There are 2 protein chains.
Amino acid sequence: MPANAPGSRSRMTVEQRRDQLLRIGARLLADRPYDEVWVDQVAELAQVSRGLLYHYFPTKRDFATAIIQTEADRMPAMTEPDPALPVAEQLVAGLDAYFRYAEDNEAGYRALHGGAALADEKVRAILAANHTRQEDWIVDALHPGGGAPVALRVAVRGWMAFIVAVCLDWLRDRALTRDEARDLCARALFQLTGPPG
Amino acid sequence: MPANAPGSRSRMTVEQRRDQLLRIGARLLADRPYDEVWVDQVAELAQVSRGLLYHYFPTKRDFATAIIQTEADRMPAMTEPDPALPVAEQLVAGLDAYFRYAEDNEAGYRALHGGAALADEKVRAILAANHTRQEDWIVDALHPGGGAPVALRVAVRGWMAFIVAVCLDWLRDRALTRDEARDLCARALFQLTGPPG
């Protein structure tokens, strides 16, 4: 009986099981098509029935949305400013945390940014909200007190696409070191927007 | 009878009909989920049966792939260099053509870059091939004769994500003029990669 096998469902709390399914889902969502087979593979890897999976996440879409929401929630906590630092250092520290997060959560990061779930409107809405939060933080850091020129805002949004592309590129090829990739992104921001403060 | 209505299928060649379906498909693919309803809506707007649509494109996936391939083929012809110009002018002229293309083919551009079809692996492969072609052209223009440093290549790939984000942003908000958006992108490239030549 699978229920008595090592690592079976009886040994996990509801919270642990949910977390396990989300992690396996993220790993698969990073690389595979977003279809029914994907759900079957998650169930297989977690050694649970498809029925149990659907007990936690009633539809494929609910599951994908929960994965993306979890990854999106995890990220901004690490890119929040330390107001004790000068602005340029806050931004470099935020970028450093961003690249470390991507390295430590490669599957989640790729599921979030390069994955097949991008087709889903709900997923895109979560990502858009996440981007807006990061954009607001960066624009405030570069132009405190509000009233930033629209060109600055457009440049920051473009730069956020730049760092995602550089980060995905780095995770795939490792042609640069993590620090080189981070410094390329920091330099790009200051070149695009002028020196902060 | 729909077959006798104005604009009905009897008045179009196979080529014209195919082109019409691709254009309507692109318009819808720019904004709507990539599902069966989308196919129904294309058939309705083209005033053809779902069966006729599937005669041209056997599956939803074939249809989406044909749309993306058509749009991808249309773009690089307009961003090819004029070797008579200095490199910086070639790049600005290429960018200008790029933004004009996006303005004249807004639906196609959005279907290609921001659309729901991104979930499809075939679609992503077409886009990747298109990006590689543009990347090679830009890297060659900036560093003729081959052997470009890997950091230049990474920066150019990041910059391509930057221009897509700026272009989608501009199409949506029109907060900048087309020329301002183009100049922001040109400046960004030269800042990121150093002056060409």
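**Exercise 1. How much area do chain A and chain B bury between them, and what percentage of it is on carbon and sulfur atoms?**

Keep in mind that we're working with a predicted model here.

Step 1. Start with the area: the two chains bury about 2,200 Å² between them, and 66% of that is on carbon and sulfur atoms.

Step 2. Now look at who pays for it on one side. V154(A), F162(A) and Q191(A) supply 20% of the area that chain A buries against chain B, more than any other three residues.

Step 3. Count the residues: 27 of chain A are in contact with 27 of chain B.

**Exercise 2. Work out the charged and polar pairs across the interface, then find the elements involved.**

Step 1. Between chain A and chain B the count is four salt bridges. The side chains of R157(A) and D173(B) meet in a salt bridge, with 3.7 Å from N to O.

Step 2. For polar contacts across this interface, the rule finds three residue pairs, both partners being at pLDDT 80 or more.

Step 3. Map the chain A side onto its elements. Those giving two or more residues to the side that touches chain B are α7, α8 and α9 (178-193) of chain A. Of these, α8(A) gives the most, with 14 residues.

**Exercise 3. Is E135(A) buried or exposed, and what does its side chain pair with?**

Step 1. Find the residue: E135(A) is in helix α7 (residues 121-142) of chain A.

Step 2. Apply the cut-off. Buried means under 20% relative accessible area; E135(A) has 6% relative accessibility, so it counts as buried.

Step 3. Check for a polar partner. The side chain of E135(A) makes a polar contact with the side chain of R153(A), at 2.6 Å.

Step 4. Leaving out residues up to four places away in sequence, E135(A) touches R153(A), V156(A), R157(A) and M160(A).

**Exercise 4. Place F162(A) in the nonpolar core and list its neighbours.**

Step 1. The largest nonpolar core has 125 residues, and W38(A), W159(A), F162(A), W159(B) and F162(B) touch the most other members.

Step 2. Beyond four places in sequence, F162(A) touches L184(A), C185(A) and A188(A) in chain A, plus A155(B), G158(B), W159(B), A161(B), F162(B) and L192(B) in chain B.

**Exercise 5. Decide how far to trust the coordinates.**

Step 1. For the complex, the predictor gives an ipTM of 0.83 and a pTM of 0.84.

Step 2. Chain A has a mean pLDDT of 84, with 86% of its residues at 70 or more.

Step 3. Over residues 1-7 of chain A, though, pLDDT is below 50, and beyond near neighbours in sequence this stretch has seven contacts in the model. Where pLDDT is low, the predicted coordinates shouldn't be read in detail.

Terms used. Residues numbered from 1 in each chain as written. Chains lettered and ligands numbered in written order. Heavy atoms only, no water. Core = buried A, V, L, I, M, F, W, Y, C linked by side-chain atoms within 4.5 Å. Buried < 20%, exposed > 50% of the residue type's maximum accessible area, 1.4 Å probe, protein only. Contact = heavy atoms within 4.5 Å. pLDDT = per-residue confidence, 0-100. Helix = DSSP H or I, 4+ residues; strand = E, 2+ residues; numbered from the N terminus. Polar contact = N/O pair within 3.5 Å; in protein donor to acceptor, adjacent residues only side chain to side chain. Buried area = accessible area lost by both parts, 1.4 Å probe.
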